Amino acid sequence: MKSPSRPSVPNEDIAATYDRLATLYDWFVAPLGTKTRQRALELLSIGSDERILEIGCGPGHALVSIARLLDGTSRLIGLDAAPGMIDRANDRAVRSAASDRIELVLGDARSLPIADGAVDVVFVEDTLELFSQEEIHTVLEECDRVLDTGGRIGVVTMEREGAEDDPFVRTYEWIFDHVPGYDRVGCRPIYARRTLEAEGFEIDRRERHRRGYLWPVEILIGHPS
Ligand SMILES: C[S@@+](CC[C@H](N)C(=O)[O-])C[C@H]1O[C@@H](n2cnc3c(N)ncnc32)[C@H](O)[C@@H]1O
């Protein structure tokens, strides 16, 4: 089996791409994920007093949806490495009258500036697949560290498991590998379930979806075992 494409540029360059493209991403890309985002949040069954961390929150589409589920006693943190994305998320939070419930943090998923056991839920949408396999290991270790006992994780990613021969996946991977500069976007299909399991997470639910009838995406809900 052909091994998945992997980023050939450092994560810092990938984050810089998202920083530059923050407005375009906010307007044209993030809305494509609305259905899978809402479905993942539904599957996470977030309680109104829970403490939530979104890693790679981008322009904050999930954050404002999560904020609506919470009461004033909870904590909702959106973390991203791109200042442009944090600005967009802040604007969205203000426009949605949710800024009092959302804490935005400029930071790195590989070294979370969050205390051990400080959150009940970690949500990672379209972000895990930006990292190399070694970095995913570090990011998931960090997720495990910040989750409290009984905590859970929700991941939405480009899917590779079971989609290796899918024409969209094959075309996307060809573009990723051959079009100069495209790898600076970072996103590529990954084996998310087996990676989470290898990092000690138990998967409670896996759903397979397609965005725009084309793009295989999976939702994984799990917890540290
Ligand atoms: C594909 S976007 C997804 C944004 C958002 N979750 C969504 O689905 O709309 C990936 C996000 O990960 C962020 N990112 C990249 N490297 C990061 C890192 N090391 N730590 C935290 N965020 C990072 C990027 O800046 C970008 O906002």
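This is a guided tour of several helices and two prolines in the structure above. The model is predicted, and each stop names what to select and what is found there.

**Stop 1: helix α6**

Select residues 133-146, which form helix α6. This helix has 14 residues and reaches 20 Å from its first C-alpha to its last, close to the 20 Å expected at 1.5 Å a residue. Next, colour Ile 136, Val 139, Leu 140, Cys 143 and Val 146, the buried residues of α6. Around the axis they cover an arc of only 125°, which puts them on the same side of α6. A general rule helps in reading such a pattern. An α-helix has 3.6 residues a turn, so residues three or four places apart point the same way.

Against which elements do the buried residues of α6 pack? Display β1 (51-55), β4 (119-125), β5 (147-158) and α8 (192-198), for the buried residues of α6 pack against these elements.

**Stop 2: helix α7**

Move to residues 167-178, helix α7. Its 12 residues reach 16 Å from the first C-alpha to the last, close to the 16 Å expected at 1.5 Å a residue. Select Val 169, Tyr 172 and Phe 176, which are the buried residues of this helix. Turn the view to look down the axis of α7: the buried residues fall within an arc of 65°, so they line one face of the helix.

Which exposed residues does the face turned away from the buried side carry? On that face of α7, select Pro 167, Thr 171, Trp 174 and His 178. Then show β7 (215-224), which is included in what covers the buried residues of α7.

**Stop 3: helices α1 and α5**

Two packed helices are described by the angle between their axes and the distance between the axes. Select α1 (residues 11-20) together with α5; they pack at an angle of about 40°, and their axes are 7 Å apart. The two helices, α1 and α5, are therefore oblique to each other. To see where they meet, select Tyr 18, Asp 19 and Arg 20 in α1, then Pro 83, Gly 84 and Met 85 in α5. By class, this contact of α1 with α5 has three nonpolar, one polar and two charged residues.

**Stop 4: helices α2 and α5**

Keep α5 (residues 83-95) on display and add α2 (residues 22-29). The axes of these helices come within 8 Å and cross at roughly 50°. That crossing makes α2 oblique to α5. The contact is made by Ala 22, Thr 23 and Asp 26 of α2 and by Gly 84, Met 85 and Arg 88 of α5. Sorted by class, the contact of α2 with α5 has two nonpolar, two polar and two charged residues.

**Stop 5: Pro 83**

Select Pro 83, in helix α5. Is Pro 83 buried or exposed? With 12 C-beta neighbours inside 10 Å, Pro 83 counts as exposed, because a residue with 12 or fewer is classed in that way. Leaving aside its neighbours within four places in sequence, Pro 83 is in contact with Asp 19 and Leu 106. Add Ala 22 to the selection: Pro 83 and Ala 22 are 61 residues apart in sequence and 9.0 Å apart in space, C-alpha to C-alpha.

**Stop 6: Pro 10**

Finish at Pro 10, in the segment before α1. Pro 10 is exposed, with 11 other C-beta atoms within 10 Å. Draw a distance from Pro 10 to Glu 173: these residues are 163 apart in sequence and 18 Å apart in space, C-alpha to C-alpha.

Methods. Residues are numbered from 1 along each chain as its sequence is written. This is a predicted model: local features need pLDDT of at least 70, side-chain atom pairs count only at pLDDT 80 or more; totals for chains, interfaces and linings use all residues. Helices (H or I, at least four residues) and strands (E, at least two) are DSSP runs, numbered from the N terminus. The expected span of a helix is 1.5 Å times one less than its number of residues. A residue is buried if 20 or more other C-beta atoms lie within 10 Å of its own, exposed if 12 or fewer, and partly exposed in between; C-beta atoms are placed from the backbone. The arc is that of the directions from the helix axis to the C-beta atoms. Two residues are in contact if their C-beta atoms, placed from the backbone, lie within 7 Å. Axes are lines fitted to C-alpha atoms, for helices over the stretch in contact, and angles run from 0 to 180 degrees between N-to-C directions. Angles under 35 degrees count as roughly parallel, over 145 as roughly antiparallel, 65 to 115 as roughly perpendicular and the rest as oblique. Ala, Val, Leu, Ile, Met, Phe, Trp, Tyr, Cys and Pro count as nonpolar, Asp, Glu, Lys and Arg as charged, and the others, Gly among them, as polar.
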